[in-house]
Amino acid sequence: MPASRTPRTLLRWLGWLGVVLALAGVFLSYLSPELAVDLGNRVWSCF
Amino acid sequence: MSVTSSSPASGTASDTAGSLSLRQVLLCSALIVTVSMGIRHGFGLWLQPVTMERGWTRETFAFAMALQNLAWGLAGPLAGMLADRWGAARVLQAGGAAYAAGLVWMATATSGSSFAASAGLLIGIAQAGCTYAVVYGVIGRNSPPERRSWAMGVAAAAGSFGQFLMVPVENWLIAQLGWQQALFVLAGFALTILPLALGLRERPGSSAAAGGPAQSIGAALREAFGYRSFQLLMAGYFVCGFQVVFIGVHMPSYLKDHGLAPEVATAALALIGLFNVFGTYAAGTLGQRYAKRHLLAAIYLLRSVAIVTFLALPLTPLSVYVFSAVMGLLWLSTVPPTNAVVAQIFGVRYLSMLGGFVFLSHQIGSFLGVWLGGLLYDRSGSYDVVWWIAIALGVFAALVNLPVREGAIARAALAPTT
């Protein structure tokens, strides 16, 4: 049924878009200068 | 005694007799492992503030973390056994409550022994109650065999995402609230497992109904440990633990020794976390289409190839990033196919318990990866020997996974001798 398939496909794409945005957001948070330095120092301090 | 009939362990109609919708199971499982795997992943960030404030040595902190990993592995089979017998939801709720209690105790511990008991023992046991082995039992019982590997991949990807997400979150919490308050907040996160576990509450008897022929726990254990393919899977998973934890713990030190900046280690951590999410999901999906033993052999072999290439090339930030991305793809990608093969061979009745035993092998490998990494570094002055052990073990794991028989085990029904 094309009528019901379209919203389902749209929802699926929106779901994947949400996943990609969440992953990109978290990845970018690692690269923000303050966090990168702070986290790097903490990781380094373990050794 | 004579053999009168046999029945397969899985793949039968009864094998999919779950009482919950797969969507509900995946949603609740994914959220639970996101929390449970995520919280523990950033514990290393507490090393500096805890040891400085309490005046402890790093050994005190490291001992608690080592104890946590061992307790997690050792309690896994027991937690799995209880989940298979009494229902995963109860075990998950007990695990979530113990996790929260352990975090609060960890924040308030003022002696080394108290810290070891809380951050080490209690949290380790709690993790056994609310991570993959317990959750996979529910997923196995409520997903049809043709979607099981994929479903396990979804849950593993969620756990990987939790690890990826929680490191910056925990770093931010420590910076904003202080290390103690940050642990209290994490305890609040752990408590969310309690209501989420309600979504995994199976109908009484679901485990028995989904598992095929009646079998006692002792019989299931004897069968599994006497079956060559189970032994081979355990041997392979041991290698997984050795490689992943050796690299996770010792790579920053390796990079530091070679003069790379702290930011390179941070970016490497981020890349491993990001690609791990894709890798675990892809492994689950591929496990649905291809023989899982081939998939596992390929993962272990590719790890060895990646390490050899990394060591052979000049060490630069770029080579670290590429290596991290590749290792990220292969990081926890062994989890869905390994557990799916266990379900395929033995059925899902005792999946959590058997998964717990396989995971125990993983944790022994993890312990040796960390310990030998430090020991051999101190003895030889470099990580070269341990890198080569990791390479050799990867080849070994690839070879031992190839002869694994994925088909359901034929169970003999015993009858009195005539």
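Leaving out residues up to four places away in sequence, B:Ile391 touches B:Ser304, B:Ile307, B:Val308 and B:Leu311, where contact means heavy atoms within 4.5 Å. This is a predicted model, in which local features need pLDDT of at least 70 and side-chain atom pairs count only at pLDDT 80 or more, while totals for chains, interfaces and linings use all residues. Residues are numbered from 1 along each chain as its sequence is written, chains are lettered from A and ligands numbered from 1 in the order in which they are written, and side-chain values use heavy atoms, with hydrogens and water left out.

B:Ile391 sits in helix α18 of chain B; helices (H or I, at least four residues) and strands (E, at least two) are DSSP runs, numbered from the N terminus. With a relative accessibility of 7%, B:Ile391 counts as buried, on a scale where buried means under 20% relative accessible area, exposed over 50%, and partly exposed in between (1.4 Å probe, protein chains only). The C-alpha atoms of B:Ile391 and B:Ala306 are 9.0 Å apart, with their positions 85 residues apart along the chain.

The spacing looks quite unlike that for B:Ala220 and B:Ala265, which are 45 residues apart along the chain and have C-alpha atoms separated by 44 Å. B:Ala220 belongs to helix α11 (residues 217–225) of chain B. B:Ala220 is buried at a relative accessible area of 2%. Apart from neighbours within four places in sequence, B:Ala220 is in contact with B:Gln215, B:Tyr350, B:Met353 and B:Leu354.

Next comes helix α12 of chain B, where B:Ser229 has its place. B:Ser229 is buried too, with a relative accessible area of 4%. Neighbours within four places in sequence aside, the contacts of B:Ser229 are B:Ile345, B:Pro403, B:Val404 and B:Arg405.

Now for the nonpolar core, a set of buried Ala, Val, Leu, Ile, Met, Phe, Trp, Tyr and Cys residues joined through side-chain atoms within 4.5 Å. The largest one has 139 residues, and B:Trp46, B:Leu103 and B:Phe230 touch the most other members. Helix α12(B) gives the most to this core, chipping in 14 residues. As for B:Leu103, its contacts beyond four places in sequence are B:Ile39, B:Phe43, B:Ile123, B:Leu183, B:Leu186, B:Ala187 and B:Ala190.

How many salt bridges turn up over all chains? The count comes to three, taking a salt bridge as a side-chain nitrogen of Lys or Arg within 4 Å of a carboxyl oxygen of Asp or Glu. One of them pairs the side chains of B:Asp84 and B:Arg141 (3.3 Å, N to O). B:Asp84 is in helix α3 (residues 58–86) of chain B and B:Arg141 in helix α6 (residues 132–142) of chain B, so this pair ties together parts that are 57 residues apart in sequence. Both ends are tucked away: B:Asp84 is buried, with a relative accessible area of 5%, and B:Arg141 is buried at 1% relative accessibility.

B:Arg141 also forms a salt bridge with B:Glu202, the closest N and O atoms being 3.1 Å apart. That pair links distant parts of the chain, with B:Glu202 in the loop between α9 (193–198) and α10 (206–210) of chain B, 61 residues apart from B:Arg141 in helix α6. B:Glu202 is buried, at a relative accessible area of 16%.

The side chains of B:Glu406 and B:Arg293 meet in another salt bridge (3.4 Å, N to O). B:Glu406 lies in the loop between α18 (384–401) and β2 (410–415) of chain B, and B:Arg293 in helix α14 (residues 292–312) of chain B, so the pair ties together parts that are 113 residues apart in sequence. B:Glu406 is buried, with a relative accessible area of 9%, whereas B:Arg293 is partly exposed, with 24%. Through shared partners, salt bridges join B:Asp84, B:Arg141 and B:Glu202 into one network.

That leaves the meeting of the two chains, where 33 residues of chain B are in contact with 19 residues of chain A. Chain B and chain A bury about 2500 Å² between them, 73% of it on carbon and sulfur atoms; buried area is the accessible area (1.4 Å probe) that two parts lose on being put together, summed over both. The rule finds zero salt bridges across this interface. One residue pair is in polar contact between chain B and chain A (both at pLDDT 80 or more). A polar contact is a pair of N or O atoms within 3.5 Å; within protein, one must be able to donate a hydrogen and the other to accept it, and residues adjacent in sequence count only if both atoms are side-chain atoms.

On the side of chain B that touches chain A, α2 (47–54), α7 (145–177), α12 (228–257) and α13 (262–289) of chain B each supply at least two residues. Helix α13(B) gives the most to that side, with 11 residues. By class, the side of chain B that touches chain A has 23 nonpolar, seven polar and three charged residues. Here Ala, Val, Leu, Ile, Met, Phe, Trp, Tyr, Cys and Pro count as nonpolar, Asp, Glu, Lys and Arg as charged, and the others, Gly among them, as polar.
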